[in-house]
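Q: Could we go through this protein and DNA model together? I would like to begin with the protein and then turn to the two DNA strands.

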Amino acid sequence: MAVDDNFREIVWTVIMSIPPGKVMSYGQVARLAGYPSHARMVGGILKKLPAKSKIPWYRVVNAQGKISFPVDSAAYLRQRQQLEDDGVAFRGDKILPAMFVDY
DNA sequence: ACGTTGACCTTCG
DNA sequence: TCGAAGGCCAACG
């Protein structure tokens, strides 16, 4: 059982546990998964995620409360739309600190 | 084998 | 509040 496979699974589980209307940072996900220094790897996993996956990847943003895509990209708009549909409140391009799931 | 890259984080000024 | 700088670590070419 390779550690990497576990990591990927745990990350999925953690992300799926994020309640609707809330968000979590990459670092937070990594910590809860048991790999505190693997924030970047979380991003790597999400990037590889199949488009039809039911995992709510859009609920994962960076620690500054911003979407990790260029504001002019289609991906940015897509993620932002999903979040707003989910009830996540923005102030400008940043997500309010209160929207993060507390742990 | 080695330098570069990246859906990151934290500290500092 | 904002940007630069350093730290981090697996994946890639």
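Q: Is helix 2 largely enclosed by the rest of the structure or not, and why?
A: This is a predicted model. In it, helix 2, which spans residues 26–33, is largely enclosed by the rest of the structure, because six of its eight residues are buried.

Q: Which residues of helix 2 are buried?
A: They are Tyr26, Gly27, Gln28, Val29, Ala30 and Ala33.

Q: And what follows helix 2?
A: Gly34 comes next, with a positive phi near 95 degrees.

Q: Turning to Asn62, where does it lie?
A: Asn62 is in the loop between strand 2 (60–61) and helix 4 (74–86).

Q: Buried or exposed?
A: Asn62 is buried: its relative accessible area is 18%, and the cut-off for buried is under 20%.

Q: What does the side chain of Asn62 reach?
A: It reaches the backbone nitrogen of Gln64 at 3.0 Å. The Asn62 side chain also makes a polar contact with the side chain of Ser68, at 3.5 Å.

Q: Leaving aside neighbours within four places in sequence, which residues is Asn62 in contact with?
A: Those residues are Ser25, Tyr26, Ser68 and Phe100. Of these, Tyr26 is one of the buried residues of helix 2.

Q: Now the DNA. Which residues come nearest to DNA strand B?
A: Gly27, Arg40, Lys47, Ala63 and Ser68 come nearest, out of 14 residues around DNA strand B.

Q: Which polar atoms of the protein lie 3.5 Å or 2.8 Å from a phosphate oxygen of DNA strand B?
A: A polar side-chain atom of Ser25 lies 3.5 Å from a phosphate oxygen, and a polar backbone atom of Ala63 is 2.8 Å from a phosphate oxygen. Helix 2 and helix 3 (39–48) are the elements that give two or more residues to the surface near this strand. Helix 3 provides the largest share, six residues.

Q: What lies 3.2 Å from a base nitrogen of DNA strand B?
A: A backbone N or O atom of Leu46 does.

Q: How do the residues near DNA strand B divide by class?
A: There are seven nonpolar, five polar and two charged residues.

Q: And which residues are around DNA strand C?
A: Ser37, His38, Arg40, Met41, Arg91 and Lys94. By class, that surface has one nonpolar, two polar and three charged residues. A polar side-chain atom of Ser37 lies 3.2 Å from a phosphate oxygen of DNA strand C.

Q: What share of the atoms within 4 Å of the protein belongs to sugar or phosphate in each strand?
A: For DNA strand C the share is 69%, with the rest in bases. For DNA strand B, sugar or phosphate accounts for 38% and bases for the rest.

Technical notes: Residues numbered from 1 in each chain as written. Chains lettered and ligands numbered in written order. Predicted model: local features only at pLDDT ≥ 70, side-chain atom pairs only at ≥ 80, totals over all residues. Heavy atoms only, no water. Helix = DSSP H or I, 4+ residues; strand = E, 2+ residues; numbered from the N terminus. Buried < 20%, exposed > 50% of the residue type's maximum accessible area, 1.4 Å probe, protein only. Polar contact = N/O pair within 3.5 Å; in protein donor to acceptor, adjacent residues only side chain to side chain. Contact = heavy atoms within 4.5 Å. Near = heavy atom within 4 Å. Nonpolar A, V, L, I, M, F, W, Y, C, P; charged D, E, K, R; others polar.
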